[in-house]
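Student: Could you take me through the place where the ligand sits, slowly and in plain words? I'd like a close look at that one part, with enough of the surroundings to find my way around.

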Amino acid sequence: MSDCIFCKIVGGEIPARKIYEDELICAFLDISPINFGHVLVIPKEHHQSASTVPEATAGRMFAVASRIGILLKRREEYDGYNLHLADGTVAGQVVMHVHMHVVPRGAEDGFRWNWRQLAYPEGMADEIAASLRAKLAEKIG
Ligand code: 5GP
Ligand code: ZN
(Lines give C-alpha, C1' and ligand atoms only; values in the text may rest on other atoms or scores of the structure.)
(Ligands and ions follow the chains in the order given, each with its own letter.)
Protein backbone atom coordinates (compact mmCIF):
# COMPACT_ATOMS: atom_id res chain seq x y z
CA MET A 1 0.00 0.00 0.00
CA SER A 2 2.32 2.71 -1.24
CA ASP A 3 -0.12 5.57 -0.52
CA CYS A 4 -0.62 4.56 3.12
CA ILE A 5 1.11 6.92 5.57
CA PHE A 6 1.60 4.23 8.19
CA CYS A 7 3.17 1.87 5.64
CA LYS A 8 5.48 4.77 4.78
CA ILE A 9 6.37 5.14 8.46
CA VAL A 10 7.11 1.39 8.66
CA GLY A 11 9.29 1.67 5.55
CA GLY A 12 11.10 4.80 6.80
CA GLU A 13 9.83 6.88 3.85
CA ILE A 14 8.33 9.45 6.22
CA PRO A 15 9.74 10.22 9.66
CA ALA A 16 8.16 9.20 12.94
CA ARG A 17 9.37 8.98 16.53
CA LYS A 18 9.55 5.20 16.66
CA ILE A 19 9.82 3.75 20.16
CA TYR A 20 9.65 0.03 19.40
CA GLU A 21 9.72 -2.37 16.48
CA ASP A 22 10.10 -6.06 15.88
CA GLU A 23 9.35 -8.38 12.97
CA LEU A 24 5.57 -8.00 13.40
CA ILE A 25 4.76 -4.56 14.77
CA CYS A 26 5.94 -0.99 15.14
CA ALA A 27 5.10 1.66 17.78
CA PHE A 28 5.61 5.41 17.46
CA LEU A 29 4.40 8.69 18.96
CA ASP A 30 1.09 10.03 17.66
CA ILE A 31 1.78 13.34 15.91
CA SER A 32 -1.23 15.06 17.58
CA PRO A 33 -1.49 13.50 21.04
CA ILE A 34 -4.52 13.49 23.35
CA ASN A 35 -1.93 13.62 26.14
CA PHE A 36 1.86 13.82 25.73
CA GLY A 37 3.28 10.33 25.24
CA HIS A 38 0.22 9.08 23.24
CA VAL A 39 1.51 6.14 21.17
CA LEU A 40 0.22 4.23 18.14
CA VAL A 41 0.95 0.51 17.80
CA ILE A 42 0.54 -0.93 14.30
CA PRO A 43 1.14 -4.17 12.41
CA LYS A 44 4.00 -3.81 9.91
CA GLU A 45 1.85 -5.54 7.30
CA HIS A 46 -0.93 -3.39 5.88
CA HIS A 47 -4.40 -4.27 7.20
CA GLN A 48 -7.29 -1.84 7.24
CA SER A 49 -9.24 -3.78 9.87
CA ALA A 50 -8.19 -5.52 13.08
CA SER A 51 -10.27 -8.51 11.97
CA THR A 52 -7.77 -9.56 9.28
CA VAL A 53 -4.61 -9.16 11.39
CA PRO A 54 -3.05 -12.59 12.10
CA GLU A 55 -3.56 -13.67 15.69
CA ALA A 56 0.16 -13.63 16.58
CA THR A 57 0.48 -10.04 15.35
CA ALA A 58 -2.73 -8.92 17.08
CA GLY A 59 -1.51 -10.55 20.30
CA ARG A 60 1.84 -8.77 20.03
CA MET A 61 0.07 -5.44 19.42
CA PHE A 62 -1.99 -5.89 22.57
CA ALA A 63 0.95 -7.09 24.68
CA VAL A 64 3.25 -4.24 23.62
CA ALA A 65 0.49 -1.59 23.85
CA SER A 66 -0.34 -2.56 27.42
CA ARG A 67 3.35 -2.56 28.41
CA ILE A 68 3.76 0.90 26.91
CA GLY A 69 0.71 1.99 28.92
CA ILE A 70 2.31 0.74 32.13
CA LEU A 71 5.63 2.43 31.27
CA LEU A 72 3.90 5.74 30.64
CA LYS A 73 2.10 5.34 33.94
CA ARG A 74 5.28 4.60 35.87
CA ARG A 75 7.86 6.73 34.13
CA GLU A 76 5.76 9.70 33.06
CA GLU A 77 3.62 9.75 36.19
CA TYR A 78 0.25 9.25 34.60
CA ASP A 79 -2.48 7.53 36.62
CA GLY A 80 -3.61 5.04 33.96
CA TYR A 81 -4.11 4.62 30.23
CA ASN A 82 -6.72 3.81 27.60
CA LEU A 83 -6.24 1.40 24.70
CA HIS A 84 -8.40 2.48 21.77
CA LEU A 85 -8.87 1.05 18.29
CA ALA A 86 -11.26 2.61 15.76
CA ASP A 87 -12.32 0.08 13.09
CA GLY A 88 -14.19 1.82 10.27
CA THR A 89 -14.91 5.44 9.40
CA VAL A 90 -18.10 5.60 11.52
CA ALA A 91 -16.03 4.42 14.49
CA GLY A 92 -13.64 7.34 13.96
CA GLN A 93 -10.92 5.59 11.93
CA VAL A 94 -9.12 8.21 9.86
CA VAL A 95 -5.92 6.37 8.89
CA MET A 96 -6.93 3.15 7.13
CA HIS A 97 -4.02 1.08 8.46
CA VAL A 98 -5.20 -0.50 11.69
CA HIS A 99 -3.65 1.02 14.80
CA MET A 100 -4.04 0.71 18.55
CA HIS A 101 -3.90 3.99 20.46
CA VAL A 102 -2.19 3.98 23.86
CA VAL A 103 -3.49 7.10 25.58
CA PRO A 104 -1.85 7.93 28.91
CA ARG A 105 -4.33 9.38 31.40
CA GLY A 106 -3.99 11.73 34.32
CA ALA A 107 -6.59 12.36 36.99
CA GLU A 108 -6.73 16.03 36.05
CA ASP A 109 -6.07 15.79 32.29
CA GLY A 110 -9.45 17.30 31.37
CA PHE A 111 -10.13 14.70 28.65
CA ARG A 112 -13.46 12.86 28.71
CA TRP A 113 -14.52 10.03 26.39
CA ASN A 114 -18.01 10.71 25.04
CA TRP A 115 -19.36 7.47 26.51
CA ARG A 116 -23.07 6.67 26.98
CA GLN A 117 -24.97 3.88 28.66
CA LEU A 118 -28.20 2.69 27.00
CA ALA A 119 -30.73 0.31 28.57
CA TYR A 120 -31.70 -2.80 26.53
CA PRO A 121 -35.37 -3.13 25.57
CA GLU A 122 -36.94 -6.39 26.87
CA GLY A 123 -35.51 -9.47 25.11
CA MET A 124 -32.94 -7.70 22.97
CA ALA A 125 -29.85 -8.51 25.07
CA ASP A 126 -30.71 -12.26 25.05
CA GLU A 127 -31.29 -12.15 21.29
CA ILE A 128 -28.00 -10.39 20.53
CA ALA A 129 -25.99 -12.63 22.87
CA ALA A 130 -27.51 -15.80 21.35
CA SER A 131 -26.87 -14.63 17.80
CA LEU A 132 -23.25 -13.68 18.50
CA ARG A 133 -22.62 -16.88 20.46
CA ALA A 134 -23.83 -19.00 17.52
CA LYS A 135 -21.89 -17.07 14.88
CA LEU A 136 -18.69 -17.16 16.93
CA ALA A 137 -19.02 -20.89 17.54
CA GLU A 138 -19.29 -21.31 13.75
CA LYS A 139 -16.33 -19.01 12.92
CA ILE A 140 -13.95 -19.62 15.82
CA GLY A 141 -15.10 -23.02 17.10
P1 5GP B 1 -7.64 7.31 13.99
O2 5GP B 1 -8.61 8.45 14.09
O3 5GP B 1 -7.54 6.77 12.59
O4 5GP B 1 -7.90 6.24 15.02
O5 5GP B 1 -6.25 7.92 14.41
C6 5GP B 1 -5.27 8.29 13.52
C7 5GP B 1 -4.15 8.89 14.36
O8 5GP B 1 -2.99 8.99 13.56
C9 5GP B 1 -4.46 10.31 14.87
O10 5GP B 1 -4.40 10.32 16.29
C11 5GP B 1 -3.38 11.17 14.23
O12 5GP B 1 -2.90 12.18 15.08
C13 5GP B 1 -2.30 10.16 13.89
N14 5GP B 1 -1.51 10.50 12.71
C15 5GP B 1 -2.00 10.87 11.51
N16 5GP B 1 -0.99 11.10 10.64
C17 5GP B 1 0.17 10.84 11.32
C18 5GP B 1 1.56 10.91 10.95
O19 5GP B 1 1.93 11.21 9.83
N20 5GP B 1 2.46 10.58 11.92
C21 5GP B 1 2.07 10.22 13.18
N22 5GP B 1 3.05 9.93 14.03
N23 5GP B 1 0.77 10.15 13.55
C24 5GP B 1 -0.16 10.47 12.64
ZN1 ZN C 1 -0.57 0.69 5.48
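Tutor: Sure, let's get our bearings before zooming in. The protein has three helices and five strands, and if you walk along the sequence they come in the order α-β-β-β-α-β-β-α. Keep in mind that this is a predicted model. Its C-alpha trace spans about 50 × 40 × 25 Å along the principal axes. There are 141 residues in the protein, and 30% of them count as buried.

Now to the ligand. You'll find ligand 1 in the largest pocket. The elements that each give two or more residues to the shell around ligand 1 are helix H1, residues 5–11, and strand S2, residues 25–29. H1 provides the largest share of that shell, with three residues. Altogether 16 residues surround ligand 1, and the closest are Asp30, Gly92, Val94, His99 and His101. Sort the shell by class and you get ten nonpolar residues, five polar ones and one charged one.

What about polar atoms that meet the ligand? Let's take three pairs in turn. A nitrogen atom of ligand 1 is 2.9 Å from a polar backbone atom of leucine 29. On the backbone again, a polar atom of valine 95 is 3.0 Å from an oxygen atom of ligand 1. With histidine 99 the partner is in the side chain: an N or O atom there is 2.7 Å from an oxygen atom of the ligand. As for how covered the ligand is, ligand 1 taken alone exposes 520 Å², and the protein buries 81% of that.

Valine 95 also makes a handy landmark for a look further out. Histidine 47 is 48 residues away from valine 95 in sequence, yet their C-alpha atoms are 11 Å apart in space. You'll see histidine 47 in the loop between strand S3 (39–43) and helix H2 (55–75). Its relative accessibility is 11%, so histidine 47 counts as buried.

While you're in that loop, have a look at serine 49, which also lies between S3 and H2. Serine 49 has a relative accessible area of 16% and is therefore buried, the cut-off being under 20%. Its side chain makes a polar contact with the side chain of serine 51, at 2.8 Å.

Carry on along the chain to helix H2, where glutamate 55 has its place. Glutamate 55 counts as exposed because its relative accessibility is 74%, and exposed means over 50%. From glutamate 55 to aspartate 79 is 24 residues in sequence and 30 Å in space, C-alpha to C-alpha.

The loop between H2 and strand S4 (80–84) holds glutamate 77. Here's a backbone detail to check: phi of glutamate 77 is near 60°, a positive value in a residue other than glycine. Most residues other than glycine have a negative phi. Glutamate 77 counts as exposed, since its relative accessibility is 69%.

One last stop takes you back to the segment before H1, where cysteine 4 sits. With a relative accessible area of 8%, cysteine 4 is buried. Cysteine 4 and alanine 86 are 82 residues apart in sequence, and 17 Å separates their C-alpha atoms in space.

So, back to the part you asked about: ligand 1 sits in the largest pocket, and H1 gives the largest share of its shell. If you want a place to start on screen, try the side chain of histidine 99, with its N or O atom 2.7 Å from an oxygen atom of ligand 1.

Notes:
Residues are numbered from 1 along each chain as its sequence is written. Chains are lettered from A and ligands numbered from 1 in the order in which they are written. This is a predicted model: local features need pLDDT of at least 70, side-chain atom pairs count only at pLDDT 80 or more; totals for chains, interfaces and linings use all residues. Side-chain values use heavy atoms; hydrogens and water are left out. A residue is near a molecule or strand if one of its heavy atoms lies within 4 Å of it. A polar contact is a pair of N or O atoms within 3.5 Å; within protein, one must be able to donate a hydrogen and the other to accept it, and residues adjacent in sequence count only if both atoms are side-chain atoms. Accessible areas come from the Shrake-Rupley method with a 1.4 Å probe; for residues, only the protein chains shown count as cover. On a 1 Å grid over the protein atoms alone, a cavity is a set of points where a 1.4 Å probe fits but cannot get out, and a pocket is an open set with protein on both sides within 12 Å along at least five of seven lines; lining residues have an atom within 4 Å of a point. A molecule sits in a cavity or pocket if more than half of its atoms lie within 2 Å of its grid points. Helices (H or I, at least four residues) and strands (E, at least two) are DSSP runs, numbered from the N terminus. Ala, Val, Leu, Ile, Met, Phe, Trp, Tyr, Cys and Pro count as nonpolar, Asp, Glu, Lys and Arg as charged, and the others, Gly among them, as polar. Buried means under 20% relative accessible area, exposed over 50%, partly exposed in between (1.4 Å probe, protein chains only).
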